[in-house]
Amino acid sequence: RITIKDWARDSLGTNVFGDLGTFPNSCASRITAFPLTLQIPPRATDFVRVSYASVGATDPGCWSIVIIEPVRPPIKLAGAQATAQVTILSGVKVYVHP
């Protein structure tokens with residue numbers, strides 16, 4: 001699953017994430033990704049196209065992050081009463097400078 005989010009750093013330097021359009025420096029409606037879902041077999045590769053629509057010579061620049069999230073069904077071990085799942089998100093920060 002592919003999503004685009006906003007990000008910034010807090011006063012301690014930690015990444016803070018928000019929905020696209022949340023922060024004033026967001027690429028918001030100018031950034032898109034395709035496809036938003038894809039299946040990739042083991043040891044295979046595929047491409048995701050990230051596009052940016054500039055607003056012209058007065059484009060102030062912006063930044064966002066493209067998040068790649070693997071989606072797997074939960075695994076329930078034999079005899080287990082509950083399931084646990086760990087998901088590792090990968091992100092590609094996108095910076096647009098005029």
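## Arg 1 and its partner

Let us start at the beginning of the chain. Arg 1 is partly exposed, with 42% relative accessible area. Its partner is Glu 69, and the two form a salt bridge whose closest N and O atoms are 3.9 Å apart. This contact joins distant parts of the chain, since Arg 1 sits in the segment before S1 while Glu 69 belongs to the loop between S5 and S6, 68 residues apart. Glu 69 is also partly exposed, at 25% relative accessibility.

## Confidence in the model

Please keep in mind that this is a predicted model. The average pLDDT of the protein is 90, and 100% of the residues score at least 70. Among the elements, strand S3 (residues 31-34) has the highest mean pLDDT, 96, and strand S6 (residues 90-96) the lowest, 94.

## Strand S5 and its neighbours

Strand S5, residues 62-68, is mostly covered, with 5 of its 7 residues buried. On one side of the pairing list is strand S1 (residues 2-9), which runs antiparallel to S5 and is joined to S5 by 4 bridges. S6 is also antiparallel to S5, and here 7 bridges join the two strands.

Ile 65 is a handy residue for following both pairings. Lys 5 stands opposite Ile 65 of S5, and in S6 the bridge partner of Ile 65 is Lys 93. As a general reminder while you look at these strands, side chains in a regular strand alternate between the two faces of the sheet.

## The other salt bridges

How many salt bridges does the count come to? The count is 3, and the pair of Arg 1 and Glu 69 is one of them. In general, side chains of opposite charge can pair when their charged atoms come close.

Lys 5 appears again here: its side chain meets that of Asp 19 in a salt bridge, at 3.4 Å from N to O. The pair links distant parts of the chain, with Lys 5 in strand S1 and Asp 19 in strand S2 (residues 15-19), 14 residues apart. Is each partner buried, partly exposed or exposed? Lys 5 is partly exposed at 27% relative accessibility, whereas Asp 19 counts as exposed at 54%.

Arg 30 and Asp 59 also meet through their side chains in a salt bridge, at 3.2 Å from N to O. Arg 30 lies in the loop between S2 and S3 and Asp 59 in the loop between strand S4 (49-52) and S5, so the pair ties together parts that are 29 residues apart in sequence. Arg 30 counts as buried because its relative accessible area is 16%, which is under 20%. Asp 59 is buried too, at 7% relative accessibility.

## The largest pocket

The largest pocket has a volume of about 410 Å³. Its lining is made up of 17 residues, and those nearest its centre are Arg 1, Leu 38, Glu 69, Pro 70 and Val 71. Arg 1 and Glu 69, listed there, are the residues of the salt bridge with the 3.9 Å separation. By class, the lining of the largest pocket holds 10 nonpolar, 3 polar and 4 charged residues.

## A look at Ser 51

One last stop is strand S4, where Ser 51 lies. Ser 51 is partly exposed, with a relative accessible area of 30%. Where does Gly 61 lie with respect to Ser 51? The two are 10 residues apart in sequence, and their C-alpha atoms are 14 Å apart in space.

Note on methods:
Residues numbered from 1 in each chain as written. Predicted model: local features only at pLDDT ≥ 70, side-chain atom pairs only at ≥ 80, totals over all residues. Heavy atoms only, no water. pLDDT = per-residue confidence, 0-100. Buried < 20%, exposed > 50% of the residue type's maximum accessible area, 1.4 Å probe, protein only. Pairing = 2+ DSSP bridges. 1 Å grid on protein atoms, 1.4 Å probe; cavity = no way out; pocket = protein on both sides within 12 Å on 5 of 7 lines; lining within 4 Å. Points joined across faces, edges and corners; volume = space filled by probe spheres on them. Nonpolar A, V, L, I, M, F, W, Y, C, P; charged D, E, K, R; others polar. Salt bridge = Lys/Arg side-chain N within 4 Å of Asp/Glu carboxyl O.
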